[in-house]
Amino acid sequence: MTRPLYVRIVSCMLAVIFPAALFAADAAPAMLYSHGTAMLNGNNIARSSAIFSGDLVQTSRDSVANINATGSSVLVLNESLVQYEGSAVKLEHGGVTISTSKLLATRVGGVTVTPRAGVWTEFEVRDVDGKVEIAARKGDLTISDAKGTTLLAQGQQSTREESPSQDDSQGQNDNNKKKKKKGGGAPGPTAGASGGVFNSPIAIGVAGGLIIGGTAWALSGHEDPVSPSKP
């Protein structure tokens with residue numbers, strides 16, 4: 001077996017195995033189910049769709065939506081805007097009801113609500129007029145904000161002032177700097193619109209295959225062809 005042929009065979013094997021490994025590492029995407037008119041990244045969805053980290057879910061006055069992931073379920077209440085982040089959901093406005101055994105957290109500005117333990121926990125978070133209302137339905141919660149971390153026991157409720165998160169504050173400062181440099185202009189795409197594509201296992205797998213294929217082509221291209229043997 002000549003070396004160029006060996007390189008091509010190994011490269012083909014890697015091009016198949018490497019994306020497959022990425023698919024396995026990045027588990028099956030969560031599923032979004034709408035009840036009424038709901039939008040995913042600004043587009044209406046009929047009934048269901050896969051959802052990836054960074055995607056934005058928006059419900060109307062007459063609709064709700066469910067995000068089902070392994071070990072977790074998120075009910076997006078009516079008139080809500082939520083960003084799915086895989087291990088957390090970011091509530092922009094409205095409300096969510098969380099049922100999870102995977103420590104799925106909810107962030108509202110600078111307030112983060114997390115199950116205290118990795119057991120089945122149910123809680124509700126609402127963003128109402130600049131205030132974050134939290135209710136622990138089943139299991140205990142930890143609430144973290146600028147003042148520190150506190151415990152919210154099962155059956156209790158609490159209210160926090162919504163404050164901007166460090167990421168939001170930094171992002172606002174960066175936007176202000178860009179506006180001063182550019183003098184305005186049309187806004188760029190939102191994080192939710194691009195997150196579903198570039199964070200999806202399909203895009204990652206295709207990129208990995210192209211990288212490996214290109215490397216193999218470069219290696220084999222420098223090899224001299226084998227001359228036929230002379231009698």
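**Questions about the chain, starting at Ile-134**

User: Leaving aside its neighbours within four places in sequence, which residues is Ile-134 in contact with?

Analyst: Good place to start; this is a predicted model, where local features need pLDDT of at least 70, side-chain atom pairs count only at pLDDT 80 or more, and totals for chains, interfaces and linings use all residues. Residues are numbered from 1 along each chain as its sequence is written, and side-chain values use heavy atoms, with hydrogens and water left out. Contact means heavy atoms within 4.5 Å. Setting aside neighbours within four places in sequence, the partners of Ile-134 are Val-111, Val-113, Glu-124, Leu-141, Ile-143, Leu-152, Gln-156, Gln-157, Ser-158 and Arg-160.

User: Which strand gives the largest share of the largest nonpolar core?

Analyst: A nonpolar core is a set of buried Ala, Val, Leu, Ile, Met, Phe, Trp, Tyr and Cys residues joined through side-chain atoms within 4.5 Å, where buried means under 20% relative accessible area, exposed over 50%, and partly exposed in between (1.4 Å probe, protein chains only). Strands (E, at least two residues) and helices (H or I, at least four) are DSSP runs, numbered from the N terminus. This core has 28 residues, and those touching the most other members are Leu-32, Ile-51, Val-57, Ile-67, Val-74, Val-125 and Ile-134. Its largest share, four residues (in 88-100), comes from strand β9.

User: Back to a partner of Ile-134: is Val-111 buried or exposed?

Analyst: Val-111 belongs to strand β11 (residues 111-115). Beyond its neighbours within four places in sequence, Val-111 has contacts including Val-132, Ile-134, Ile-143 and Arg-160. Because its relative accessible area is 1%, Val-111 is buried.

User: Which residue in the turn between β12 and β13 has a positive phi?

Analyst: β12 and β13 pair in the antiparallel sense over seven bridges, pairing being called when DSSP finds at least two bridges between two strands. Val-128 stands opposite Lys-131 in β13. At 76% relative accessibility, the turn residue counts as exposed. The two strands form a hairpin with two residues between them, and the one with a phi of about 50 degrees is Asp-129.

User: Which residue of β12 does Ile-98 stand opposite?

Analyst: β12 has another pairing, because seven bridges, counted by the at-least-two rule, join β9 to β12. These two strands run antiparallel. Within β12, the residue opposite Ile-98 is Phe-123.

User: How many residues apart in sequence are the parts that the Arg-116 and Asp-140 pair ties together?

Analyst: Arg-116 forms a salt bridge (a side-chain nitrogen of Lys or Arg within 4 Å of a carboxyl oxygen of Asp or Glu) with Asp-140, and their closest N and O atoms are 3.7 Å apart. Arg-116 lies in the loop between β11 and β12 and Asp-140 in the loop between β13 and β14 (141-145), so the separation of the parts, in residues, is 24.

User: Which residues are joined into one network by salt bridges that share partners?

Analyst: Let's begin with one pair: Arg-126 forms a salt bridge with Glu-124, the closest N and O atoms being 2.6 Å apart. Glu-124 is buried, with a relative accessible area of 15%, while Arg-126 is partly exposed at 33%. Through shared partners, the network consists of Glu-124, Arg-126 and Arg-137.

User: Which side chain makes a polar contact with that of Ser-72?

Analyst: Ser-72 is in strand β7 (residues 72-76) and counts as buried, at 10% relative accessibility. A polar contact is a pair of N or O atoms within 3.5 Å; within protein, one must be able to donate a hydrogen and the other to accept it, and residues adjacent in sequence count only if both atoms are side-chain atoms. At 2.6 Å, the partner side chain is that of Thr-100.

User: What distance separates the C-alpha atoms of Gly-54 and Tyr-84?

Analyst: Gly-54 sits in the loop between β4 (48-51) and β5 (56-59), and Gly-54 is buried, with a relative accessible area of 10%. Gly-54 and Tyr-84 are 30 residues apart along the chain, and their C-alpha atoms are separated by 5.6 Å.

User: What share of the residues of the chain count as buried?

Analyst: For the wider picture, the chain has four helices and 16 strands. Of its 231 residues, the share that counts as buried is 32%.
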